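Q: I'm new to this structure and would love a close look at a single part of it, the nonpolar interior. Could you walk me through that and how it fits with the rest?

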Amino acid sequence: MTALQSSLLAALATLFGGALVLTARKWSTANRALLLAFTAGVLTGLSFLSILPEAFERNEAAPFAVVVGFLVMYLLERYVLPHDVHHERELELGGLTVMAWFGLLIHSLVDGLAIASAAATPAGLLTPVTLGVVLHELPEGLVAAALLLAMGYSAPRILALTALVAFATPLGTLLSTVVLAELPIDLESTSYLLTAFAGGTFVYVGVADMLHQAHEGKHEGSGVTVAFLLGIGLFVILRLFGHGHGH
């Protein structure tokens, strides 16, 4: 299997995750608070159990990138997006949702770089790296679609934007092998800084905003709590049995 084939497989996993949300769209719309809580759990688990441990191990500046990502989201919410007025919370959540979607896009792009990097090593890392990427791209597709569904986007628009996240992975592979490999930069180190930044934005959007919104919904707190823990639980399982990204 080539690096491009592996990244296309990861893209299909992302699309499949998004399709799961769309097939249950009626339920998801009727249970918006639970969907927000579950999405918050996935963003939190993706950050703490997949992105950040690896970024911290590979780049000593990654913790600073996490803080920067978190602070950027805080400052956007505090000084740019609407705040303090209850009926404007939907607009505020929408702005943060767009930022989180861009974070997912960056993360998928970097996954493509990781696949290309693994394919270039003589240690046979491509298969385990591909497996790790595919395993976490499925819930990533799910959360990308869930973010957009929570904003009331139409099914075609959700599918199109989820597809952009999905095919950022093979794009990252192509960029790595065709363009970025020729540039005088430490591609691997830079990619972990970018994912650490994305991880910081995910933590803020998931915990500080989406979970807060979920608890303001009509569902009782226990249901929201269970949905949040289920989202985190996906990455607990991947961490225990899938070893994160596997690279």
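A: Let's start with a handy yardstick: the expected span of a helix is 1.5 Å times one less than its number of residues. Helix α1 of this predicted model covers residues 3-23. Its 21 residues should therefore span 30 Å, and its end C-alpha atoms are indeed 30 Å apart, which agrees.

That helix belongs to a chain with nine helices and zero strands. Buried residues make up 50% of the chain's 247 residues. Among the contacts with a separation of 6 or more, 84% join residues 24 or more positions apart.

Now for the interior itself. The largest nonpolar core has 48 residues, and the ones that touch the most other members are Ala-37, Leu-104, Phe-202, Met-210 and Val-224. Two or more residues come from each of these elements: α3 (32-58), α4 (62-80), α5 (89-119), α6 (126-150), α7 (155-178), α8 (187-215) and α9 (221-242). Helix α3 gives the most to this core, with 13 residues.

Leu-104 is a good place to pause. Leaving aside neighbours within four places in sequence, Leu-104 is in contact with Leu-46, Glu-140, Val-143, Ala-144, Leu-147, Val-165 and Phe-202. One of these partners, Phe-202, is also on the list of core residues that touch the most other members.

There is a second, separate core of eight residues, which includes Ala-10, Ile-115, Leu-126 and Val-134. Ala-10 takes us back to helix α1, where it is one of the buried residues. Others buried in α1 include Ser-6, Ser-7, Thr-14, Leu-15, Gly-17, Gly-18 and Val-21.

Another link across the sequence involves Gly-223, in helix α9. Gly-223 and Ala-33 are 190 residues apart in sequence, yet 9.0 Å apart in space, C-alpha to C-alpha. Gly-223 has a relative accessible area of 24%, so this residue counts as partly exposed, given that buried means under 20%.

Finally, let's step outside. The chain exposes about 11400 Å², and carbon and sulfur atoms supply 72% of that. Nonpolar side chains are found here too: Val-67, Phe-70, Leu-71, Tyr-74, Leu-75 and Tyr-79 form a surface patch with about 590 Å² of accessible area together. Tyr-79, for instance, lies in helix α4, one of the elements that give two or more residues to the largest core. Its relative accessible area is 61%, so Tyr-79 is exposed, the cut-off being over 50%.

Methods
Residues are numbered from 1 along each chain as its sequence is written. This is a predicted model: local features need pLDDT of at least 70, side-chain atom pairs count only at pLDDT 80 or more; totals for chains, interfaces and linings use all residues. Side-chain values use heavy atoms; hydrogens and water are left out. Helices (H or I, at least four residues) and strands (E, at least two) are DSSP runs, numbered from the N terminus. Buried means under 20% relative accessible area, exposed over 50%, partly exposed in between (1.4 Å probe, protein chains only). A nonpolar core is a set of buried Ala, Val, Leu, Ile, Met, Phe, Trp, Tyr and Cys residues joined through side-chain atoms within 4.5 Å. Contact means heavy atoms within 4.5 Å. Patches are made of residues with over 30% relative accessible area and no salt bridge: like charges are joined within 9 Å, nonpolar side chains (Val, Leu, Ile, Met, Phe, Trp, Tyr) within 5 Å. Accessible areas come from the Shrake-Rupley method with a 1.4 Å probe; for residues, only the protein chains shown count as cover. A salt bridge is a side-chain nitrogen of Lys or Arg within 4 Å of a carboxyl oxygen of Asp or Glu.
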